[in-house]
Each structure stands twice: as structure tokens, then as C-alpha cells.
Amino acid sequence: MQSKLSPRILGTALAATILTTLGGCAGSSEGKDVAYVARDVESLYTEAQRRLDRGNTLQAAALFDEVERQHPYSPWARRAQLMSAFSYYIARDYNKAIQNAQRFLSIHPGNKDAPYAYYLIALSYYEQISDVNRDQKITEQAQTALREVNRRFPQTEYAADARLKLDLVADHLAGKEMEIGRHYQRMGLWLAADMRFRNVVEKFQTTSHTAEALYRLTESSLALGVPQEAVKYAAVLGANYPGSEWYEKAFKLVSKNAEGVTAS
């Protein structure tokens, strides 16, 4: 079973490094309510930045929001929108991070910091990926958002990190298919299991689950009464993973249950 993806692989470090062009970065902590008073935009932004630097990320996010509320037409407001999204991300309030980054993009779609906003959205989905035993809607949203970063900004360091994470996301989704397929096998639902393992071979063939998926297809084909298919999958397994434990098991399986059968 594929375990939960290790969070913050390069992501937070890259986010923090790049966002220093906008302002300082810090770790997360629980913040107390901030008393809002009208003040000039520079003082307000500076105070928000100070809270962020001290690790009071929720307070910082609220103050960056206040910059935009009190001074919506100031150049500081644009910067504060993205800093607010980043602060919520560090505080692990990923929904607000996504909302603020999306709002930034809706108002400033062509801004030079738009690539980072797209990347921050992708990171916020990625950090919420759950164990394969749970629904994978968030994983699929992360995959979509990471693909968007790579499609729009292929030459950036955001895209380079997105491509790395896309490989991990694909492995996670393949792990979910394997988990479901194995469950169907235990229930004796061989056709349903066969479909799940085919998905892994056809859609996630570069992941770490492909060899086992081919073996499981060998098992399912024999259970479904199509030994020719079983021999075919065992042959593919042997051609691509000749030294793996899965090929050894598949070879023994077809030798015992499909001796003399030719692959379809």
C-alpha cells in the first residue's frame, strides 16, 4: 500500500526562497486576534511583515488582508494579497491560501508574480493529499494544479518542482488503484479487480506499482478463465522486470496453471 506522500518536498523551501522578493518568511504558529485600527499603508504592511517574521502567521495573514481592505488601490495591496496567501499556507490554512491566491490571479492575471500564485495553489492542494485509504479528490486537484504550473511556466523553477511532485502524485494515485484492486480480489470480484490493475498499467506505467499490477493481472486472468491473457501479462512482466519478485511469482503461477498455453 502506498503511504501518504511526504509533505513539503522542496515546496516550502522553494516557496520561502522565492517569496523573499516580496517580503520575509517564517514558520507557522497560532496567532491571537489582531485589533484593527486605521493606519497608513506602509505601517500596516510593515507590522504584518513583522508578525510573519516572528512566526505569527495567522496574525500576519489577517494584517495583510487589512492592508488590502484599508488601502485597496495602493500598490501595497497587490503585494499584500500574495503575502496573505503565503501566510495562510505556512499556517496550514490551505483553503484560505488557495482562495487568496485565486483572488490575486483573478485581479492580476498578467502580473509578474502570477507564476508563484499558481504554484502556491498547487502546493496547497499537494499538502492535503491523504492516505490511499481515503477519497483521492484532493490528490486529483493537486495533480491538475501542478500540471497547470508546468503547462504555463515550463522553464521556471516552479515547474521543475511541479514535475517532481507530479511523479509522486501519480505514484500515489496508482497506489490507490492497487489498494482497491487488491480489495476486489479478496472479495472474489475478479473483473472489477482486473479493471483497476489495467488502469495502473495503462495510466501509471512509470510508477513503482506497475510490476505488481502486471502480476495481479496474471492472477485475475487465470481466475477469469483466460490463461492466454495470463501468459501475456507474465511475459510483459518478464520483459520489463526480469529480476523482480513479481516476475518470479508470475512465472511459477503460469507454469502451474497455464502450462503449454500461448499468449493471446
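How much area does the protein chain expose, and what share of it do carbon and sulfur atoms supply? In this predicted model, the protein chain exposes about 13100 Å², of which carbon and sulfur atoms supply 51%. The chain comprises 264 residues, and 51% of them count as buried. Its secondary structure consists of 12 helices and zero strands, so that the order of elements from the N terminus reads α-α-α-α-α-α-α-α-α-α-α-α. Among the contacts in the chain with a separation of 6 or more, 66% are accounted for by residues 24 or more positions apart.

Helix 3, which covers residues 57-70, has 14 residues and reaches 20 Å from its first C-alpha to its last, a value close to the 20 Å expected at 1.5 Å a residue. This helix is mostly covered, with 11 of its 14 residues buried. The buried set takes in Thr57 and Gln59, the run Ala60, Ala61, Ala62, Leu63 and Phe64, and further along Glu66, Val67, Glu68 and Gln70. The cover over these buried residues includes helix 2 (41-53), helix 4 (75-90) and helix 5 (94-107).

Helix 4 is likewise mostly covered, 12 of its 16 residues being buried. For its 16 residues a span of 22 Å is expected at 1.5 Å a residue, and the end C-alpha atoms lie 24 Å apart, which agrees. The buried residues of helix 4 are Ala77 and Ala80, followed by Gln81, Leu82, Met83, Ser84, Ala85, Phe86, Ser87, Tyr88, Tyr89 and Ile90. Pro75, by contrast, has its place in helix 4 but is exposed, because its relative accessible area of 65% is over the 50% cut-off. The C-alpha atoms of Pro75 and Val41 are separated by 9.6 Å, although their positions lie 34 residues apart along the chain when counted as sequence separation. In the loop between helix 4 and helix 5 lies Arg92, a residue with a positive phi of about 65° although it is not a glycine. Arg92 is exposed, with a relative accessible area of 56%.

Helix 4 also takes part in the surroundings of Leu120, a residue placed in helix 6 (residues 114-126). Is Leu120 buried or exposed? Leu120 has 0% relative accessibility and therefore counts as buried, the cut-off being under 20%. When its neighbours within four places in sequence are left aside, Leu120 is in contact with Ala85, Phe86 and Tyr89, three residues that are listed among the buried residues of helix 4. The C-alpha atoms of Leu120 and Leu146 are separated by 9.8 Å, at a distance of 26 residues along the chain. Lys137, which lies in helix 7 (residues 137-152), is exposed, with a relative accessible area of 53%. Between Lys137 and Tyr125, which are 12 residues apart in sequence, the C-alpha to C-alpha distance is 9.9 Å.

Towards the C-terminal part of the chain, helix 11 (residues 227-240) has 14 residues that should span 20 Å at 1.5 Å a residue, and its end C-alpha atoms are 20 Å apart, which agrees. Within helix 11 the buried residues are Glu229, Ala230, Val231, Tyr233, Ala234, Leu237 and Gly238. An α-helix has 3.6 residues a turn, so residues three or four places apart point the same way. What covers the buried residues of helix 11 includes helix 9, helix 10 (210-223) and helix 12 (245-257).

Helix 9 contributes to the largest pocket as well: helix 8 (157-186) and helix 9 (190-203) each supply at least two residues of its lining. Rolling a probe the size of a water molecule over the atoms shows where empty space is left. About 200 Å³ of space lies in the largest pocket. Its lining is formed by Gln136, Glu140, Leu173, Lys176, Glu177, Ile180, Arg196, Asn199, Lys203 and Phe204. The largest share of this lining, four residues, comes from helix 8. By residue type, the lining divides into three nonpolar, two polar and five charged residues.

Technical notes. Residues are numbered from 1 along each chain as its sequence is written. This is a predicted model: local features need pLDDT of at least 70, side-chain atom pairs count only at pLDDT 80 or more; totals for chains, interfaces and linings use all residues. Side-chain values use heavy atoms; hydrogens and water are left out. On a 1 Å grid over the protein atoms alone, a cavity is a set of points where a 1.4 Å probe fits but cannot get out, and a pocket is an open set with protein on both sides within 12 Å along at least five of seven lines; lining residues have an atom within 4 Å of a point. Grid points are joined across faces, edges and corners, and a volume is the space filled by probe spheres set on the points. Ala, Val, Leu, Ile, Met, Phe, Trp, Tyr, Cys and Pro count as nonpolar, Asp, Glu, Lys and Arg as charged, and the others, Gly among them, as polar. Buried means under 20% relative accessible area, exposed over 50%, partly exposed in between (1.4 Å probe, protein chains only). Contact means heavy atoms within 4.5 Å. Accessible areas come from the Shrake-Rupley method with a 1.4 Å probe; for residues, only the protein chains shown count as cover. The expected span of a helix is 1.5 Å times one less than its number of residues.
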